[in-house]
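Trainee: I have a structure open and would like to practise reasoning from values to terms. Could we go through it together?
Mentor: Gladly, let's look at it.

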Amino acid sequence: MYERILIPTDGSKTAELAVEEALDVAEKFDAEVHTLYVVDTDAAEVSLGTEQVERIRQGRFGEMDELEARARKATEHVAELARDRGVVVEEHFRGGRPHKVIADFAEDEEIDLIVMGSHGRSGISRVLLGSVTERVLRSTHRSVLVVDEREAES
Ligand code: ATP
Ligand code: MN
């Protein structure tokens, strides 16, 4: 039923909860996992400047030390957990508007299930859903499994 699962991650705790659930599904269906970190270029533009942001947009992360390290740490963690369970996994990095990049990736890569957290790094839990997840839900016809961070507390 599910063959290609996308796990977008921003390296947050809630995204990690989603990883566990995604890997349960992946194991069950013998699915392949793709994990994706998106550098939010609109947010980064202020601190990085136009030139560097343009570089990220083109997928050239090489000189973006801090951002690249954060991205790699997030996806590597997912990849390690996947490999521990014998799940086939690929890591991806992109720059752009996170929800748009996630939805486009799901189309391009023929993803049949997106698994993501209800919240992320900025984690304002008084709102039901973070804005990236809300916008992904509005931008894709693909199936989306949203893992709520409150599940972790029970
Ligand atoms: P907001 O960003 O609206 O202030 P938030 O940070 O709490 O709120 P979201 O950003 O919507 O919530 O994060 C929800 C989920 O979306 C995360 O658990 C993660 O799965 C995914 N996500 C968020 N940002 C990114 C990103 N830059 N790259 C990949 N996945 C992301
Ligand atoms: Mn966020």
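Trainee: What makes a residue count as being in contact with I7, and which residues are in contact with I7, leaving aside its neighbours within four places in sequence?
Mentor: This is a predicted model, and contact here means heavy atoms within 4.5 Å. Leaving aside neighbours within four places in sequence, V19, A22, V33, H34, T35, L36, V78 and V115 are in contact with I7.

Trainee: Why is I7 called buried?
Mentor: Buried means under 20% relative accessible area. I7 has a relative accessible area of 0%, so the residue is buried. I7 lies in strand β1, which covers residues 4-8. Across the protein chain, buried residues make up 43% of the 154 residues.

Trainee: And where does strand β1 sit in the order of elements along the chain?
Mentor: From the N terminus on, the order is β-α-β-α-α-α-β-α-β-α-β, with six helices and five strands in the protein chain.

Trainee: How do you know that the chain is as compact as a globular protein of that length?
Mentor: Its radius of gyration is 15 Å, and the globule rule gives 15 Å for 154 residues; the two values are close, so the chain is as compact as a globular protein of that length. The C-alpha atoms fill a box of roughly 45 × 35 × 30 Å along the principal axes.

Trainee: What share of contacts joins residues at least 24 apart?
Mentor: Among contacts between residues at least 6 apart in sequence, that share is 73%.

Key. Residues are numbered from 1 along each chain as its sequence is written. Chains are lettered from A and ligands numbered from 1 in the order in which they are written. This is a predicted model: local features need pLDDT of at least 70, side-chain atom pairs count only at pLDDT 80 or more; totals for chains, interfaces and linings use all residues. Side-chain values use heavy atoms; hydrogens and water are left out. Helices (H or I, at least four residues) and strands (E, at least two) are DSSP runs, numbered from the N terminus. The radius of gyration is taken over C-alpha atoms; the globule rule is 2.2 Å times the number of residues to the power 0.38. Buried means under 20% relative accessible area, exposed over 50%, partly exposed in between (1.4 Å probe, protein chains only).
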